[in-house]
Amino acid sequence: MFWFVWAVVGVVVWWAMSLICTGKAAGSGWWASLIAALLGSWLGDLVLGDWLWMWAGFNVIAGAIGAVVLTWLWNLVVMQLK
């Protein structure tokens with residue numbers, strides 16, 4: 001169940017960030033930004049630890065924070081390369 005919650009948090013944050021950063025649900029390079037969101041979600045849970053809202057052993061708030069930060073950083077890198 002941990003992996004399911006992790007994937008849902010990563011995909012929801014990826015979808016919201018792609019709408020905010022590109023103005024559409026899946027901008028160019030959406031595979032890379034999806035991987036960044038999923039990796040950020042996992043890293044957020046790993047680094048920030050167990051606090052606030054835990055669901056199936058996954059820290060939802062920390063996962064969302066990590067996914068937002070890593071997706072935002074990825075979008076900054078992509079914008080600089082264009």
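What share of the 82 residues of the protein count as buried? The answer is 33%. Keep that in mind as you click around, and remember that this is a predicted model.

**Stop 1: the whole chain**

Start with everything shown as a cartoon. You should find three helices and two strands, and going along the sequence they follow the pattern α-α-β-β-α. The radius of gyration is 12 Å, close to the 12 Å that the globule rule gives for 82 residues, so the protein is as compact as a globular protein of that length. Turn the model along its principal axes and picture a box: the C-alpha atoms fill one of roughly 40 × 20 × 15 Å. Now think about who touches whom. Among contacts between residues at least 6 apart in sequence, 57% join residues at least 24 apart.

**Stop 2: the core**

Next, select Val5, Trp6, Val9, Val13, Trp14, Met17, Leu34, Ala37, Leu38, Phe58, Val60 and Ala67 and show their side chains. These 12 residues are the largest nonpolar core. Helices H1, H2 (30-48) and H3 (60-81) each give at least two residues to this core. Which helix supplies the largest share? That is H1, with six residues.

**Stop 3: aromatic rings**

Keep Phe58 on screen and add Phe2, Trp3 and Trp6. Together, Phe2, Trp3, Trp6 and Phe58 form one aromatic cluster. The structure holds six aromatic pairs, and we'll visit two of them. A pair of rings is described by the distance of the centres and the angle of the planes.

Zoom in on phenylalanine 2 and phenylalanine 58. Their ring centres are 5.4 Å apart and their planes sit at 70°; planes over 60 degrees apart count as edge-to-face, so this pair is edge-to-face. Phenylalanine 2 belongs to helix H1 (residues 2-22) and phenylalanine 58 to strand S2 (residues 58-59), so the pair ties together parts that are 56 residues apart in sequence. Switch on the surface and compare the two partners. Phenylalanine 2 is partly exposed, at 21% relative accessibility, while phenylalanine 58 is buried at 0%.

Now hop to tryptophan 30 and tryptophan 31. Here the ring centres are 4.5 Å apart and the planes are at 25°; under 30 degrees counts as stacked, so this pair is stacked. With the surface still on, tryptophan 30 comes out as partly exposed at 33%, and tryptophan 31 as exposed at 56%.

**Stop 4: helix H2**

Select residues 30-48. At 1.5 Å a residue, the 19 residues of H2 should span 27 Å, and the end C-alpha atoms are 26 Å apart, which agrees. Colour the buried residues of this helix: Ser33, Leu34, Ala36, Ala37, Leu38, Gly40, Ser41, Gly44 and Asp45.

Pick out glycine 40 in H2. Is glycine 40 buried or exposed? With a relative accessible area of 2%, glycine 40 is buried. What does glycine 40 touch, not counting residues up to four places away in sequence? The list is Gly63, Gly66, Ala67 and Leu70. Try the distance tool on valine 13 too: glycine 40 and valine 13 are 27 residues apart in sequence and 9.9 Å apart in space, C-alpha to C-alpha. Before leaving, click on glycine 49, which follows H2 and has a positive phi, near 80°.

**Stop 5: the loop between the strands**

Go to alanine 56, in the loop between strand S1 (54-55) and S2. The phi of alanine 56 is near 55°, a positive value in a residue other than glycine. Alanine 56 is partly exposed, at 35% relative accessibility.

**Stop 6: helix H3**

Finish with residues 60-81. At the start of H3, look for a side-chain oxygen of asparagine 59 that comes within 3.4 Å of the backbone nitrogen of isoleucine 61. From first C-alpha to last, the 22 residues of H3 reach 32 Å, close to the expected 32 Å at 1.5 Å a residue. The buried residues here are Val60, Ala62, Gly63, Gly66, Ala67, Thr71 and Asn75.

One last pick in H3 is leucine 76, which is partly exposed at 37%. Add cysteine 21 to the selection: leucine 76 and cysteine 21 are 55 residues apart in sequence and 9.5 Å apart in space, C-alpha to C-alpha.

How values were computed. Residues are numbered from 1 along each chain as its sequence is written. Side-chain values use heavy atoms; hydrogens and water are left out. Rings of Phe, Tyr and Trp (its six-membered ring) pair if their centres lie within 6.5 Å; planes under 30 degrees apart count as stacked, over 60 as edge-to-face and the rest as tilted. Helices (H or I, at least four residues) and strands (E, at least two) are DSSP runs, numbered from the N terminus. Buried means under 20% relative accessible area, exposed over 50%, partly exposed in between (1.4 Å probe, protein chains only). A nonpolar core is a set of buried Ala, Val, Leu, Ile, Met, Phe, Trp, Tyr and Cys residues joined through side-chain atoms within 4.5 Å. The expected span of a helix is 1.5 Å times one less than its number of residues. A polar contact is a pair of N or O atoms within 3.5 Å; within protein, one must be able to donate a hydrogen and the other to accept it, and residues adjacent in sequence count only if both atoms are side-chain atoms. The radius of gyration is taken over C-alpha atoms; the globule rule is 2.2 Å times the number of residues to the power 0.38. Contact means heavy atoms within 4.5 Å.
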